[in-house]
Amino acid sequence: MTETATSGAAPTAAASKSQQAYEAVKARIVDGTYSPGYRLVLAKIAEDLGVSVVPVREAIRRLEAEGLVTFERNVGATVSGIDPTEYLYTMQTLSIVEGAATALSAPLIGAADVARARAVNEEMRDCLQHFDPVRFTALNRDFHSVLFEHCPNPHILDLVHRGWNRLASLRSSTFRFVPGRAHESVDEHEALLQLIEAGADADTIEKAARRHRSATLDAYLAQSNAGSLSAH
């Protein structure tokens, strides 16, 4: 009886270690500790996490399936690069669906919601003093969630969540590449809140939300193009 219980517990423990390794490695990829092109040495990661190589290998396979890790011949596992085309398409789509979701949510956003969004935006403003792009990006999502979470159209809301999740899988902290854009973003957030408080029409709010998202994309593209030109 004891033997059966022990054999039953082993896979659970192994699965737990695999999940632990997965979460740890993914977190380091997302926060930039493991940057694009970083070589993932299984033995070193296992040593850092205090586990064997087996759960780390399973974790790396999961991350490969998610597109966060790439296997290269004679190199091994490395952190995947950010696909600029995928980022472009994701941001273009998100600007459309999030703009619509925000406009549809606006009549349902109450004073308490506005206060919550404004409090998050103030945290973002404070974050500008000692800029942390990962924290700023997380707060940015929290802010926008308040503005689109009341969207009565579940299909549009689903597309918005898909867009944000896709950005997360791309490890897209745009503000890491264009930190100057963060200051403008905070000011645009306040302008959006003022439009909602004033009861602006849906078209005005949607256009403002779309311009806000597109401006971030434009800043990123301008920085990327400048980098490409200087490289040549």
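**Note on the predicted model: helices, a cavity and some long-range contacts**

1. Helix α6 covers residues 133-148, and because a helix should rise 1.5 Å a residue, its 16 residues should span 22 Å; the C-alpha atoms at its two ends are in fact 22 Å apart, which agrees with that expectation. This is a predicted model, and the values discussed below should be read as computed from it.

2. The start of α6 is capped by D132, which places a side-chain oxygen 3.1 Å from the backbone nitrogen of V134 at the N-terminal end of the helix. The buried residues of α6 are P133, F136, T137, L139, N140, F143, H144, S145, V146, L147 and F148. As background to reading such a list, an α-helix has 3.6 residues a turn, so residues three or four places apart point the same way.

3. For the overall layout, the protein has 10 helices and 2 strands, and from the N terminus on its elements follow the order α-α-α-β-β-α-α-α-α-α-α-α. Of the 232 residues in the protein, 38% are buried.

4. How many cavities of 30 Å³ or more does the structure hold? There is 1, and the largest cavity contains about 40 Å³ of space. Its lining is formed by E98, T102, H144, L147, L192, A209, H212 and R213, of which H144 and L147 also appear among the buried residues of α6. By class, the lining of this largest cavity comprises 3 nonpolar, 3 polar and 2 charged residues.

5. Which helices each supply at least two residues of that lining? They are α4 (84-105), α6 and α10 (202-231), and α10 gives the most, with 3 residues.

6. Among the lining residues, E98 deserves separate mention, and its place is in helix α4. With a relative accessible area of 3%, E98 is buried, because buried means under 20%. The side chain of E98 is joined to that of W164 by a polar contact of 3.4 Å.

7. Also in helix α4 is V97, which counts as buried at 12% relative accessibility. V97 and L157 are 60 residues apart in sequence, yet their C-alpha atoms are 7.9 Å apart in space.

8. The structure holds 3 aromatic pairs. One of them is formed by Y87 and Y220, and this pair is tilted, with 4.4 Å centre to centre and 55° between the planes. The pair links distant parts of the chain, since Y87 belongs to helix α4 and Y220 to helix α10, and the two are 133 residues apart. Are these two tyrosines buried or exposed? Y87 is buried, with a relative accessible area of 1%, and Y220 is buried as well, with a relative accessible area of 9%.

9. Towards the N terminus, Y22 has its place in helix α1 (residues 2-30) and counts as buried at 8% relative accessibility. Y22 and E58 are 36 residues apart in sequence and 7.9 Å apart in space, taken from C-alpha to C-alpha.

10. Two loop residues are worth checking in the model. N74 lies in the loop between β1 (69-72) and β2, and its phi is positive, at about 65°, although N74 is not a glycine. N74 counts as exposed, because its relative accessibility of 80% is over the 50% that the term requires.

11. S80, by contrast, lies in the loop between β2 (76-79) and α4, and at 8% relative accessibility S80 counts as buried. Which side chain does the side chain of S80 meet in a polar contact of 2.7 Å? The partner is T70. S80 and I29 are 51 residues apart in sequence, while the distance between them in space is 9.3 Å, C-alpha to C-alpha.

Terms used. Residues are numbered from 1 along each chain as its sequence is written. This is a predicted model: local features need pLDDT of at least 70, side-chain atom pairs count only at pLDDT 80 or more; totals for chains, interfaces and linings use all residues. Side-chain values use heavy atoms; hydrogens and water are left out. Helices (H or I, at least four residues) and strands (E, at least two) are DSSP runs, numbered from the N terminus. The expected span of a helix is 1.5 Å times one less than its number of residues. Buried means under 20% relative accessible area, exposed over 50%, partly exposed in between (1.4 Å probe, protein chains only). A polar contact is a pair of N or O atoms within 3.5 Å; within protein, one must be able to donate a hydrogen and the other to accept it, and residues adjacent in sequence count only if both atoms are side-chain atoms. On a 1 Å grid over the protein atoms alone, a cavity is a set of points where a 1.4 Å probe fits but cannot get out, and a pocket is an open set with protein on both sides within 12 Å along at least five of seven lines; lining residues have an atom within 4 Å of a point. Grid points are joined across faces, edges and corners, and a volume is the space filled by probe spheres set on the points. Ala, Val, Leu, Ile, Met, Phe, Trp, Tyr, Cys and Pro count as nonpolar, Asp, Glu, Lys and Arg as charged, and the others, Gly among them, as polar. Rings of Phe, Tyr and Trp (its six-membered ring) pair if their centres lie within 6.5 Å; planes under 30 degrees apart count as stacked, over 60 as edge-to-face and the rest as tilted.
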